[in-house]
Amino acid sequence: MSNLDELSGSPQTALEPQDEVKVVGQYYDDKTARLVRKYGPGPRIHYHVGHYPASQSPLDAHDATPDAIRGSIRTHQEGLLRYAAKIWGAEHRLSGRILDVGCGLGGGSLFWAQEYGADVTAVTNAQEHAPIVDGFARECGLDGKVRALVSDAMHLPLDGGPYDAAVAIESSGYFNRPQWFERLSHVLRPGGSVCIEEVFITRPHGADVWAEYFYTKPATVLDYTEAAQAAGFELVDDVDATSETLPFWEESAAWTKAVLDSDSSLSPVDRRNLRISLLANEALGAEWGAGGLRLGFLRFELKK
């Protein structure tokens with residue numbers, strides 16, 4: 001993922017790291033049309049959770065149309081990036097040369113470039129997504145500011161840096177963390193930041209629920225911290241936003257229900273995939289609310 005959409009097929013077993021990279025890339029290549037349907041239209045398409053401040057009332061999704069629910073999801077996904085920007089001090093840390101690692105269809109890359117003037121290398125391992133990202137960048141007049149790079153996160157080219165920061169929005173759960181941080185230590189400048197928004201494990205059942213749907217088990221914050229420290233980084237920010245992201249699962253499930261109820265043109269395969277998605281969203285929302293999974297924002301700095 002960024003990785004929040006309908007998974008075709010039954011629950012998955014754990015994969016070997018080299019196989020996981022290939023499967024995840026192919027998975028998102030194959031899912032592009034469905035990602036656009038749920039989280040589009042472009043050019044800024046995100047597929048990660050949204051941020052719902054306690055001061056704002058979420059959409060009453062009962063009897064709402066798929067378009068209305070999608071609009072609310074998109075608004076709160078952008079809200080999550082704006083919240084992250086405040087936590088990470090984006091005006092000075094994410095306004096230079098940055099890597100958006102696991103960029104999906106480039107929504108976050110366009111956000112950092114448009115909102116903060118960043119020069120963004122949008123890293124994806126999904127071959128099909130690179131021309132889409134570049135096309136959206138041209139549509140926004142950012143073809144010189146946002147460039148797609150097809151690369152495995154653990155093998156980022158060493159000749160592209162130094163970068164001021166790396167950002168990973170719900171993508172780092174798929175990475176080999178020690179290898180990733182070690183690679184980042186060679187492409188970031190001293191004092192550069194690694195900004196991570198991710199789902200973290202708080203109990204085994206939560207990890208199992210996530211893994212059944214998203215090909216990978218979440219790690220703990222300690223797992224990230226130890227991998228980062230071994231590569232010369234230190235943790236400087238750790239912000240919990242679990243409660244403010246819980247409504248995403250309600251809206252995501254509501255969108256799926258609304259599509260199932262309103263779209264008579266769905267094929268049997270589409271209906272099956274949507275029903276799987278609905279069950280998964282409800283299970284994830286329940287685990288989120290019960291404290292089995294945690295949504296957090298981390299920032300690490302490369303020691304000078």
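In which sense, parallel or antiparallel, do strand 5 and strand 7 (residues 293-302) pair, and over how many bridges? In this predicted model, the two strands pair in the antiparallel sense, with nine bridges between strand 5 and strand 7. One position along this pairing is given by Ile196, whose bridge partner in strand 7 is Leu298.

Strand 5 also pairs with strand 4 (residues 163-169), and here the two strands run parallel and are joined by six bridges. Within this parallel pairing, Ala166 has Val194 of strand 5 as its bridge partner. The connection involves helix 7 (residues 177-187), which together with strand 4 and strand 5 makes a β-α-β unit of right-handed sense. Strand 5 is thus described by a parallel pairing with strand 4 and by an antiparallel pairing with strand 7. As regards solvent exposure, strand 5, which spans residues 188-201, is mostly covered, eleven of its 14 residues being buried.

At the level of the whole chain, the secondary structure consists of twelve helices and seven strands. Of the 304 residues in the chain, 56% count as buried, while the area that the chain exposes amounts to about 12300 Å², of which carbon and sulfur atoms supply 51%. When contacts in the chain with a separation of 6 or more are considered, 80% of them are accounted for by residues that lie 24 or more positions apart.

Key
Residues are numbered from 1 along each chain as its sequence is written. This is a predicted model: local features need pLDDT of at least 70, side-chain atom pairs count only at pLDDT 80 or more; totals for chains, interfaces and linings use all residues. Side-chain values use heavy atoms; hydrogens and water are left out. Buried means under 20% relative accessible area, exposed over 50%, partly exposed in between (1.4 Å probe, protein chains only). Helices (H or I, at least four residues) and strands (E, at least two) are DSSP runs, numbered from the N terminus. Two strands pair if DSSP finds at least two bridges between them. A crossover is right-handed if, with the strands pointing away from the viewer, the path from the first strand over the helix to the second runs clockwise. Contact means heavy atoms within 4.5 Å. Accessible areas come from the Shrake-Rupley method with a 1.4 Å probe; for residues, only the protein chains shown count as cover.
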